[in-house]
Amino acid sequence: MSRFRHPITVTRIRSGGTDNKGNPRPDVEAPIKGCAFAPRASSELNDYRQATISGGTLYAPYGSDVQPTDRIRVPAPWAGVYGVEGDIGVWVNPHTGDTPGVEINLEKRAG
């Protein structure tokens, strides 16, 4: 059961790697239900042009299978494929041992 009033389902995209002949295998996709997404956007000057960096924080259920090398497809209104930025933060209540979820920083670059 989700802890969020209006949870979303995102799709985890993991590289399929290569076969024994070095040919790429298809990516492996899996849904992660019961999530929330908090978007963020900013601008920076890079090589004399404006670049928009958008991303956000994904709040997912405890035990969600996400690795730092995965990509996450987020539905509208924030639609896009985001890369995982840094490590996955696991929440653990030190008083009760409750594990309410994980926090995953996501990044998408354009421009």
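This short talk walks through the strands of one predicted protein model and then looks at two of its residues.

Before the details, a word on how to read the values: this is a predicted model, in which local features need pLDDT of at least 70 and side-chain atom pairs count only at pLDDT 80 or more, while totals for chains, interfaces and linings use all residues. Residues are numbered from 1 along each chain as its sequence is written, and side-chain values use heavy atoms, with hydrogens and water left out.

Let me begin with the whole chain, whose secondary structure comes to zero helices and seven strands, where helices (H or I, at least four residues) and strands (E, at least two) are DSSP runs numbered from the N terminus. Of the 111 residues in the chain, 28% count as buried, and by buried I mean under 20% relative accessible area, with exposed being over 50% and partly exposed lying in between, for a 1.4 Å probe and protein chains only. If we take contacts, meaning heavy atoms within 4.5 Å, between residues at least 6 apart in sequence, then 52% of them join residues at least 24 apart.

I would like to turn now to strand E4, which covers residues 71–74 and whose side chains alternate. Ile72 and Val74 point to one face and are buried, whereas Arg71 and Arg73 point to the other face and are not.

Which strands does E4 pair with? Pairing here requires that DSSP finds at least two bridges between two strands. Strand E1, residues 8–14, runs antiparallel to E4 and is joined to it by three bridges, and in this pair Thr11 has Arg73 as its bridge partner. E4 also pairs in the antiparallel sense with strand E5, residues 80–84, over four bridges, with Val74 standing opposite Gly80, and a hairpin of five residues connects E4 to E5.

Going back to E1, we come to Arg14, which lies in that strand. Is Arg14 buried or exposed? Arg14 counts as buried because its relative accessible area is 17%. Leaving aside residues up to four places away in sequence, Arg14 touches Asp27, Val28, Asp65, Val66, Gln67 and Asp70.

My last residue is Pro26, found in the loop between E1 and strand E2, which spans 28–46. Pro26 has a relative accessible area of 66%, and it is therefore exposed. Although Pro26 and Ser15 are 11 residues apart along the chain, their C-alpha atoms are separated by 7.1 Å.
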